[in-house]
Amino acid sequence: MPEAVIVTVTGASGYIALHVIAQLLDDGHAVRGTLRDMSRAEPLRAALSRQTEISNLTFVQADLTSDVGWDAAMAGSDFVMHVASPVPIVEPKDYDELIAPARDGTLRVMEAAAKAGVKRVVMTSSNAAVNSGHGGKSSFTEADWSVLGDGTGAYASSKTIAERAAWDFVAGLPDDQVMELVAINPCVVLGPLIDPDGSASIELIRKLVAREVPGCPNLGFTIVDVRDVAAAHVTAMTAPHAAGHRYLCTAEFRWVREIAQTLNQSVGQRGYPVSTRRLPDWLMRCVGVFDPAVRRFIPHLGERQDFDNNAIRRDLNWKPRPVEDSIVHTAESLIALGVV
Ligand code: NAP
């Protein structure tokens, strides 16, 4: 039997990474996941074993902020999924809290991967590396890059700087040391959790279902399903035409009120009613004075942005599922895992 392809997945404890790992294992690959805290290994093995067969899964310790462990993480690997990066619920005042691990961690991953002879790195970037700091511009393609400076927060800055660092790194490799790079740039990721420790992106659904918010702010997001994001990573790992490209990985836009209505028609009928009351913008502005988690959204009240997903559909033969499934399945898994 041919030996399994070895894929290193950074940040193996994360919401998206766990789906990437599950799909890689399903496809028969050997997965080496990096964790900064090895005490997570056993609970994660237990969670993944409820999804798939995990005999080809190992974990190694590596932190984006340290050189230790990255050579061991990459040794013998064919491909790398670089998913790890800090994803905060509240933006820190000091941008470097996010930029330093995102940028320096990416460079640690890229250097160790190139040294180990990895063929291709698939990096989880973000639409935050595309759409921030453009003023009133409302539609975006992969040709757009977020503009650093006023109006671009710490998270968007960290993702933009880290993705640029990765592209600069591969462009600077000597001719005899070829390593390919693909960036996947998802928007707001929803869908079922494999482990109860979810991402900041599912906070809106958690807060609505837990009735921690009194209604729906005049905000909207372009959504994509975590299973479809993982599938894009797995296809991008080997798709011949993907090398050297970044791909917006986005499905459809929904206002928060539409999300709440979808929740009400599903889990709302099963004992988890969700408020669909509209929260006026003035109220959001008042709350934002005191609550930094609300403040970061104030500039985006009433804003709608659109993202072109033609490239990923064409090159990766990618087709997103309806976002209503992603919304409902997020809520159902939060309930099933006892998070709400
Ligand atoms: P998540 O669940 O919070 O996962 C983040 C992962 O990064 C965790 O495994 C975390 O490890 C790891 N990490 C953070 N700081 C680290 C450090 N210093 N050293 C090593 N690992 C570190 O978030 P996620 O939503 O899955 O995000 C995964 C990736 O997708 C990120 O690159 C994020 O920017 C990108 N993304 C997410 C979304 C979204 O809506 N969720 C959208 C676009 C892009 P610990 O468990 O130890 O904290």
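## Ligand shell and a helix pair

User: Which backbone atom lies 3.2 Å from an oxygen atom of the ligand?

Analyst: Happy to help! The atom is a backbone N or O, and the pair fits the definition of a polar contact (N or O atoms within 3.5 Å). This is a predicted model, where local features need pLDDT of at least 70, side-chain atom pairs count only at pLDDT 80 or more, and totals for chains, interfaces and linings use all residues. Residues are numbered from 1 along each chain as its sequence is written, and side-chain values use heavy atoms, leaving out hydrogens and water. The residue is Gly14.

User: How much of the ligand's accessible area does the protein cover?

Analyst: Among the polar contacts, a polar side-chain atom of Arg36 lies 2.8 Å from a ligand oxygen, and a backbone N or O atom of Val189 lies 2.9 Å from one. On its own, the ligand has 890 Å² of accessible area (Shrake-Rupley method, 1.4 Å probe). The protein covers 88%.

User: Which residues come nearest to the ligand?

Analyst: There are 26 residues around the ligand, each with a heavy atom within 4 Å of it. By class, 12 are nonpolar, 10 polar and four charged. Those that come nearest are Ser13, Val83, Tyr155, Lys159 and Ser199.

User: Are helices H1 and H7 parallel or oblique to each other?

Analyst: H1 (15-26, a DSSP run of H or I with at least four residues) supplies at least two shell residues. H1 and H7 (residues 226-238) pack with axes 8 Å apart at about 55°. That angle lies outside the ranges for roughly parallel (under 35 degrees), roughly perpendicular (65 to 115) and roughly antiparallel (over 145), so the two helices are oblique.

Note on methods. Polar contact = N/O pair within 3.5 Å; in protein donor to acceptor, adjacent residues only side chain to side chain. Nonpolar A, V, L, I, M, F, W, Y, C, P; charged D, E, K, R; others polar. Axes fitted to C-alpha atoms, helices over the stretch in contact; angles between N-to-C directions.
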